[in-house]
Amino acid sequence: MSGRGPRPPPPPVEVLPETEATREDRQQIGEKALVALCSVLRNARSYSWEHDVFSSQLDALQQAMLELLGSDGTFELDLAGDAFHVNGQPIRLQPGAVPLAAALRTELRQRGVTGLRASLAPPKTDLRLLLRLFRPAPPPRLEERGDPSRPFAVLRLRLGPEAASTGLAERTVRLAEAYAAAAAFVNQTIQQLRMGAPPLPVRTAGRIVQDLIDLQRSMPMRFLALARVKVEEGDRYWGVHAANVAVLAITFGSRLGMSKKRRHDLGMAALFHDVGMAAIPKTVLQKSGKLDERGLRAVKASPLLSARAILRDGEMSLAALERAQGAYECHLDLVPREDTVPEIGLTGRMLAICESFDALTTTRPFRAAHGLKEATRIMTSEQLFRFDPQLVDLFVGVVARMLAATAPAR
Amino acid sequence: MADADAALGHGALAGLGRALARISADPGAAAQQAASLEPALSGLRDAVEKYGTLSVAVEPGALRFEGERVYADELGAAGFCSRLYRDGIRALTFRRGLMMPDLLAFAVAAVPGGPEGEADAAEELWKADLGSIQYTAAPGDRLDGAHPAAAAFAQEVRELAARASEAVEYVDADAALLDRTQPPPLWSEEQHRKNDPQSWSELARRGALTIERIVEEDLAGWDLEALEESFGRLLDEMARRAEVPALVAALAGAARMGGAHAPSFRAFLGRRLASAERLGRAAELATAPVTAAAHLLPAWTALLPDDAGPALIDALWSARPDVAPALAAAAARRCESCPNEVAEVLREAPAAIAQAALAALPEADRARMASEALEHADAEVRTQAVPLLASDPRLALERLAPLLDDPALRATAAEALSSCGAPADEAAAAIVERLSSSKLGDEDLAALYRALGRLAAPAARAFLSERLGRPAKGFFKRRRSEQEQLVAVEALAADGSMSALRLLEEAADPKRGHAPAVVSACLAAAERLRSRRQVREGDR
């Protein structure tokens with residue numbers, strides 16, 4: 001605090017008459033503010049909101065806001081239909097900025113935000129908190145001052161009627177349903193195959209995996225937490241196991257930076273990787289002791305049986321072949337045998353890791369579940385020969401650690 | 001919307017429909033597709049610029065805008081509207097920022113028969129992730145109510161969703177933690193390219209080997225026929241994409257595949273590979289500029305059934321000259337199924353083709369079919385055919401004896417006659433007849449004498465003995481006779497019988513008055529024969 005005593009009140013803002021020149025100025029500054037906001041949004045998916053990478057963009061945004069506050073006495077950014085208005089004036093954007101503006105519009109709508117306003121110069125901390133709202137996992141509730149747990153000092157949001165909830169609850173329900181659909185799809189597929197009945201349409205699995213990938217993007221931690229769902233050995237085990245492998249693989253693929261298409265391939269291969277179990281008698285699958293020779297032979301054949309269940313459909317697209325080969329190759333060891341190194345694609349190598357991790361952390365008829373730490377230790381020591389060492393390190397260092405962080409608070 | 005505005009939307013969407021219909025009818029290259037889409041893009045951009053967004057409903061076989069049908073598929077169920085509707089797409093929305101790459105990607109996903117075949121259009125659009133073209137789809141993550149498993153599926157989803165909700169709701173939404181989940185990707189673009197080449201060819205090759213392993217390990221079960229069909233489709237797709245190394249690997253794997261079902265698998269495959277269209281494609285691919293191309297036709301034709309001869313002959317006449325010999329050889333191996341056609345090849349095809357066919361003739365038909373090649377205009381073909389006649393003694397005697405008059409084939413024919421297993425006296429008589437009536441050069445003389453010796457027939461020995469004993473007369477004739485005596489000595493040595501040995505010993509007697517060279521040759525040949533006989537007796 002300075003010791004000079006209270007400041008005199010600021011002079012009233014002089015409102016200039018609206019002329020073509022002021023409109024043009026507003027257009028330029030408004031466009032600058034929008035472009036800065038779009039750039040912030042673009043990076044908000046890749047960096048922490050506290051990261052220095054945002055400094056220059058936030059400076060530009062702050063500068064534009066200050067100029068508008070200086071000229072119009074207020075800063076009001078509104079989303080009206082598909083257009084952005086700044087201080088009541090629709091802002092034209094350069095063609096190159098249109099896709100970014102469309103993304104900004106979508107993000108604002110998803111959060112129920114229809115506008116942003118400031119009547120005083122916003123501090124940098126407010127701008128940081130604004131950018132925090134654009135994280136992939138937004139706060140569960142928004143108010144006029146943003147996230148109630150970290151409110152703005154100066155900035156204010158204008159919220160649409162749907163803004164009371166940012167859709168988190170709805171998305172969580174969708175997430176649980178999509179996961180359940182994935183597990184149920186696999187269980188029912190195995191059931192149908194056992195009965196010799198027509199299999200479930202692959203297209204349905206495709207849509208389920210699309211949902212999973214879309215939901216992973218918007219709530220990665222909650223998504224990954226689904227891999228904690230476990231069921232005891234029984235009819236439902238294989239479906240839940242496959243769904244967990246899909247969750248782990250999609251997360252792993254996302255962290256590696258794989259395209260949506262490749263993550264879809266991974267998710268599909270994960271769902272189908274154990275459908276060959278349909279051909280193995282339940283007595284073998286549920287046996288708690290050591291398997292006899294017949295049982296061992298049956299289990300050993302299961303990867304080829306999974307591939308058979310996929311390849312018999314006759315679909316020969318890249319995605320279908322990825323699915324079949326991923327399902328088969330994920331069960332192969334990387335150790336050369338009879339002088340030949342097994343050929344295993346990236347899908348197979350990634351699924352092998354996710355599959356083993358889920359199996360090790362699940363109670364099976366022949367052993368209790370291992371903890372996450374113990375499972376990763378086994379994978380990086382005793383079972384290392386089964387995996388691509390580079391990938392298993394990345395998985396353990398990133399995905400397994402993320403999963404550990406989703407543990408319920410004690 | 002005002003009439004003029006509505007007309008803008010109608011025109012843009014109708015233009016899009018027409019452009020996609022053109023692409024459906026003739027997919028062509030990306031450049032052609034872009035040219036087809038250019039007018040539609042311009043119309044759509046005008047419309048979205050005006051309205052902000054432009055939405056159109058998708059119906060079975062049609063597009064509807066503002067309640068009016070703006071485009072109808074002429075192709076009916078095969079058109080793009082039907083495909084979009086079938087795959088669950090109910091509305092399309094075009095937004096500002098629409099550019100050609102997005103529209104092209106949309107066309108690839110929407111038009112039937114794209115590069116990935118009949119994929120799900122909704123899935124393709126979802127994967128394309130187009131910012132300026134969005135779609136609304138019917139829910140597709142549930143089973144159709146008519147599916148026998150629909151009720152059980154729905155019940156299981158309800159039960160598992162409750163457990164999944166529990167797992168999710170306990171997640172601590174700590175802000176810092178959530179932020180840490182979105183750092184930059186772990187792999188660079190280069191690492192992705194290196195670790196994940198996304199090659200259809202590689203995947204297809206491994207897929208084919210997987211099917212072969214399933215069959216080999218007798219795990220195909222009830223799915224054997226379906227797997228056969230899949231394998232066939234995989235080969236078709238490899239051929240369509242000109243993936244020659246993958247094709248060769250898959251065919252070679254099928255040929256060496258073991259297991260109880262392997263023969264029936266190969267039989268199915270063979271029938272499929274023998275179709276005229278596929279054989280034609282194989283002949284085309286065999287000329288591809290890759291190393292594996294040289295192995296394609298041998299690997300392909302090895303799997304064809306015995307009755308594939310006519311198809312091979314058809315393919316052969318339209319194939320390039322450098323690959324036709326491989327087809328001719330494959331046809332010749334199956335000549336039982338097309339004897340007349342193979343005979344025609346042996347008589348009239350270009351020399352390289354006829355020679356390839358000759359070399360591949362199966363033993364059972366070898367002599368009969370090879371005799372056709374004796375009519376070929378090319379001497380090398382005829383020469384190659386002559387030894388093949390030896391496999392049928394009766395035919396050999398009938399067809400080879402006249403060839404002893406042909407200076408080009410005489411030596412080869414004599415050699416073939418000596419080894420054909422025909423009655424030795426008859427063969428010897430034929431040779432002796434030519435030796436008595438023709439004037440032969442040194443090489444032919446030696447060949448015919450050698451053949452006589454190899455026959456080891458009494459008539460042959462008598463002739464050789466007579467020629468060996470004939471005294472020389474006159475200076476030039478003496479030189480000629482001495483030459484003849486020397487080849488007779490070699491022929492008797494080739495005869496190898498006791499009678500031949502005696503004849504040689506007698507001729508070596510100085511009292512006979514033969515030239516020193518002849519005497520020396522007789523002594524050497526006799527010694528050689530004796531030692532050979534001793535070895536043989538020692539072996540006993």
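1. Buried here means under 20% relative accessible area, exposed means over 50%, and partly exposed lies in between (1.4 Å probe, protein chains only). By that criterion, the buried residues of helix α18 of chain B, residues 351-360, are I353(B), A354(B), A356(B), A357(B), L358(B) and A360(B). Helices (H or I, at least four residues) and strands (E, at least two) are DSSP runs, numbered from the N terminus. The buried residues of α18(B) pack against α15 (309-318), α16 (324-333), α17 (339-348), α19 (366-373) and α20 (379-388) of chain B. Contact means heavy atoms within 4.5 Å.

2. The model is predicted: local features need pLDDT of at least 70 and side-chain atom pairs count only at pLDDT 80 or more, while totals for chains, interfaces and linings use all residues. Residues are numbered from 1 along each chain as its sequence is written, chains are lettered from A and ligands numbered from 1 in the order in which they are written, and side-chain values use heavy atoms, with hydrogens and water left out.

3. Chain A has 410 residues, of which 56% are buried. Its secondary structure comprises 15 helices and five strands. Of the contacts in chain A between residues at least 6 apart in sequence, 71% join residues at least 24 apart. The exposed surface of chain A is about 17400 Å², with 55% supplied by carbon and sulfur atoms; accessible areas come from the Shrake-Rupley method with a 1.4 Å probe, and for residues only the protein chains shown count as cover.

4. A nonpolar core is a set of buried Ala, Val, Leu, Ile, Met, Phe, Trp, Tyr and Cys residues joined through side-chain atoms within 4.5 Å. The largest such core holds 235 residues, and M238(B) and L452(B) have the most contacts inside it. Helix α8 of chain A, residues 237-256, contributes the largest share of this core, 13 residues. Leaving aside neighbours within four places in sequence, L452(B) contacts A428(B), I431(B), V432(B), L435(B), A460(B), F463(B) and L464(B).

5. How do α6(A) and α8(A) pack? Helix α6 of chain A, residues 202-218, meets α8(A) at an angle of about 50°, and the axes are 10 Å apart. The pair is therefore oblique: angles under 35 degrees count as roughly parallel, over 145 as roughly antiparallel, 65 to 115 as roughly perpendicular and the rest as oblique. Axes are lines fitted to C-alpha atoms, for helices over the stretch in contact, and angles run from 0 to 180 degrees between N-to-C directions. The crossing of α6(A) and α8(A) is right-handed; a crossing has this hand if the near helix is turned clockwise from the far one by less than a right angle, and is left-handed if anticlockwise. On the α6(A) side V209(A), L212(A), I213(A) and Q216(A) take part, and they meet I250(A), T251(A) and S254(A) of α8(A).

6. Helix α6(A) also packs across the chains, its axis coming within 10 Å of that of α5(B), residues 121-128, with a crossing of roughly 20°. These two helices are therefore roughly parallel, and their crossing is left-handed. Here G206(A), R207(A), Q210(A), I213(A) and D214(A) of α6(A) meet A122(B), E123(B) and W126(B) of α5(B).

7. A third pair joins α12 (residues 318-329) and α13 (residues 346-360) of chain A, at an angle of about 45° and with axes 8 Å apart. That angle makes α12(A) oblique to α13(A). The contact involves E322(A), G326(A) and E329(A) of α12(A) with T347(A), G348(A) and L351(A) of α13(A). The crossing of α12(A) and α13(A) is right-handed.

8. A227(A) lies in the loop between α7 (220-225) and α8 of chain A. Is A227(A) buried or exposed? A227(A) is buried, with a relative accessible area of 3%. Not counting residues up to four places away in sequence, A227(A) touches N244(A), V247(A), L248(A), D358(A) and L403(A). A227(A) and L403(A) are 176 residues apart in sequence, yet their C-alpha atoms are 7.9 Å apart.

9. Two loop residues of chain B merit a check of the backbone. Most residues other than glycine have a negative phi. Q198(B), which is not a glycine, has a positive phi of about 55°; Q198(B) sits between α8 (189-195) and α9 (200-216) of chain B and is partly exposed, at 25% relative accessible area. A456(B) has a positive phi near 55°, lies in the loop between α24 (442-455) and α25 (458-469) of chain B, and is partly exposed at 31%.
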